[in-house]
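Please open the structure in your viewer and keep the sequence panel beside it. The tour below suggests what to select at each stop and then describes what is there.

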Amino acid sequence: LVFHSLVDRAVTNEIETLAHHRVDFASFSSESTFRQITLLTSLFLRGKGTSVHYDELIGALAVNMRNPYISSIHVLMEVAANHDSACEELHTMFGQVSQSALRKVVCEPVQRQPTYHDFFAYA
């Protein structure tokens, strides 16, 4: 409950900040140089020794899911060999987010923490 309250406050604050810099997307033609952002990141599921930093990562992902400038988010999800449902768990965790925001997320399981090479190879 405290976590969801923290995320809600963080998301609300970030969305209000973005609203001050709102762009009228309809004013851009299809030949415009304007492009939306694709975010590529990594994540892991909470474990016994997970630090408070995990909550920051989840909060940042929640904010980015609602960011109107980000069109898709690709998450390289670190999974243990016996934990194939990590991506399903991620989508369940964010089930409270609007379905349009959740549709932005593409989850790809990986067996270890991704390196820069892994990110470039994926992109």
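**First stop: the sheet**

Select Leu43, and then look across to Met77 in β2, the residue that stands opposite Leu43. Before going further, note that this is a predicted model, in which local features need pLDDT of at least 70 and side-chain atom pairs count only at pLDDT 80 or more, while totals for chains, interfaces and linings use all residues. Residues are numbered from 1 along each chain as its sequence is written, and side-chain values use heavy atoms, with hydrogens and water left out.

Helices (H or I, at least four residues) and strands (E, at least two) are DSSP runs, numbered from the N terminus. Now select β1 and β2, which pair in the parallel sense over eight bridges; two strands count as paired if DSSP finds at least two bridges between them. Strands of a sheet pair through backbone hydrogen bonds, either parallel or antiparallel.

Add β3 to the selection, and you have an open sheet of three strands in the order β1-β2-β3, with parallel pairing. Its edge strands are β1 and β3, each of which pairs on one side only. On average, neighbouring strands of this sheet are turned by 20 degrees against each other, direction ignored; axes are lines fitted to C-alpha atoms, for helices over the stretch in contact, and angles run from 0 to 180 degrees between N-to-C directions.

Show α2 next, which packs on the sheet and touches β1, β2 and β3, with a direction that makes about 155 degrees with that of β1. The helix α3 also packs on the sheet, touching β1, β2 and β3, and its direction makes about 150 degrees with that of β3. Contact here means heavy atoms within 4.5 Å.

**Second stop: helix α3 and the disulfide**

Which residues of α3 are buried? Select Ala86, Cys87 and Leu90, which are buried in α3, where buried means under 20% relative accessible area, exposed over 50%, and partly exposed in between (1.4 Å probe, protein chains only). They cover an arc of only 100 degrees around the axis, which puts them on the same side of α3; the arc is that of the directions from the helix axis to the C-beta atoms. On the other side of α3, you will find Glu88 and Thr92 exposed. If you show what covers the buried residues of α3, the cover includes β1 (37-44), α2 (53-65), β2 (70-78) and β3.

Keep Cys87 and add Cys107, since these two form a disulfide with their sulfur atoms 2.1 Å apart; a disulfide is a pair of cysteine sulfur atoms within 2.5 Å. Cys87 lies in helix α3 (residues 86-93) and Cys107 in strand β3 (residues 105-110), so the pair ties together parts that are 20 residues apart in sequence. Cys87 has a relative accessible area of 13%, and Cys107 is buried as well, at 15%.

**Last stop: Asp118 and its partner**

Finally, select Asp118, which is found in helix α5 (residues 116-122). Not counting residues up to four places away in sequence, Asp118 touches Arg112 and Gln113. The side chains of Asp118 and Arg112 meet in a salt bridge (2.7 Å, N to O), a term that stands for a side-chain nitrogen of Lys or Arg within 4 Å of a carboxyl oxygen of Asp or Glu. Arg112 counts as partly exposed, at 48% relative accessibility.
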